[in-house]
Amino acid sequence: MSTTQAKSGPAARGADYLDQRTSVGKAVKEFARKVFPDHWSFLLGEIALFSFVVLLISGVFLTMFFVPSMGHTHYEGPWPAMYGVEMSEAYASTLRLSFEVNGGLLMRQIHHWAALIFMASIVTHMMRVFFTGAFRKPRELNWVVGFVLMILGLAAGFSGYSLPDDVLSGNGLRITDGVIKAIPVLGSYISYFVFGGEFPGTDIIPRLFTVHILLVPVLILAFIGLHLLMVVLHKHTQYPGGGRTNKNVVGYPLFPVYVAKAGGFFFIVFAVIALLAATITINPVWNYGPYDPSPVSAGAQPDWYMLFLEGSLRLMPGQTEYVIGGYTLSLNVLVPAMIIPGLLFTALGAYPFLEAAVTKDKREHHVLDRPRNVPVRTSIGVAILMAFFVLVLAGANDLIATHFAMSLNHITWALRIGFFVLPVAAFWITKRIC
């Protein structure tokens, strides 16, 4: 044994053993030298990553106590309003988590708040990438990966939101069943397959549980890994400024500066989520009651990231059904719930390729655009956001009517007109400002 080996500790010898057999040292050395620009907007993606870590940690805790079963039971816990009420085992276990498990309610709320922040940070991060042109060559595929992560986030949120089997989440599943059945010819068969029989069936909660804790998280982890790998393979984008070109990156190395900052930022994100969970009640399912197909709660809205679909359904006129060859074509459901979101999401996912085709731009870009310098793209983004905000407001039209003593019909018609007029106006005004 050499003198150097004799003096080295177990950790060093272990690292040397691993490096000799995997050559991992070269990869670590190269990765540690990776330079990252220092700008607050780059933290938006980190918020998404760190909130997902919080989701995984809190989700493991909740999985230990939640019972994914639609089997019937009678509640005999400490919440007096529900004592003796017949309910599913899923709802009963949610009440048990909230009132009997030490720290259960806090962990439920941490999980829910983390989900809201996860989706908010993904959307905001994508907005930053869109408005600065960070999706341009060679990063088009990474934009698609991020887009898929957003869709998977929606799937994770919907499947988790539906698990407690309370009146509010049950109404959401009822709407989902209606949307599925509106699919021409195949709708009723797909619904029967998804729910394991006539709605609500007995299988949907166990199936959503598997999707929520296994299928979607594994896919999200895989796509996060792919997303980060592409960030490492490409040079990091940077804002224009002194000494910054397409051939260099001005910033700090990953190790030790960026690692230390990111580690501290994780605890800040976790602290904010924990503070929200400890001080602000969210989704108090004990006030809603177990799911029953007969009651529909007033003032019922899904989480914010699904509210645009609710608003789209509320804005669509109801008298748009046609019978063709003995089959009902329900345009009042298909158009707002499938066609409009499908077109918007397809355009969003394909935008880098559409812009490159229109502008004939085949160059590599590593320096970001200032939004005011690209007025058409910026105006398109603002117009899309305006349409989204109109649909979000439409999803809460009943609350607007009751809180401000306004006519529900007048609000609905104003938002119907606004859905077509306001995005165009936003596009024109933004382009003029730019």
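Buried means under 20% relative accessible area, exposed means over 50%, and partly exposed lies in between. Keep these cut-offs at hand as you explore this predicted model.

**Exercise 1. Classify Lys181 by its accessibility, then find its salt-bridge partner.**

Step 1. The relative accessibility of Lys181 is 37%. This value falls between the two cut-offs, so Lys181 counts as partly exposed.

Step 2. Now look for the partner: Lys181 forms a salt bridge with Asp177, and their closest N and O atoms are 3.2 Å apart.

Step 3. Both residues belong to helix H8, where 4 residues, or about one helical turn, separate them.

**Exercise 2. Asp177 also pairs with Arg174; work out whether each of these two is buried or partly exposed.**

Step 1. Start with the contact: the closest N and O atoms of Arg174 and Asp177 are 3.1 Å apart, in a salt bridge.

Step 2. Place the pair: they sit 3 residues apart in helix H8, which covers residues 167–181.

Step 3. Asp177 has a relative accessible area of 1%, so it is buried. Arg174, at 40%, is partly exposed.

**Exercise 3. Locate the two ends of the salt bridge between Asp398 and Arg314.**

Step 1. The N to O distance in this salt bridge is 2.9 Å.

Step 2. Asp398 lies in helix H15 (residues 397–403) and Arg314 in helix H12 (residues 307–315), so the pair, 84 residues apart, links distant parts of the chain.

Step 3. Check Asp398 against the cut-offs: its relative accessibility is 19%, which means that Asp398 counts as buried.

Note on methods:
Residues are numbered from 1 along each chain as its sequence is written. This is a predicted model: local features need pLDDT of at least 70, side-chain atom pairs count only at pLDDT 80 or more; totals for chains, interfaces and linings use all residues. Side-chain values use heavy atoms; hydrogens and water are left out. A salt bridge is a side-chain nitrogen of Lys or Arg within 4 Å of a carboxyl oxygen of Asp or Glu. Buried means under 20% relative accessible area, exposed over 50%, partly exposed in between (1.4 Å probe, protein chains only).
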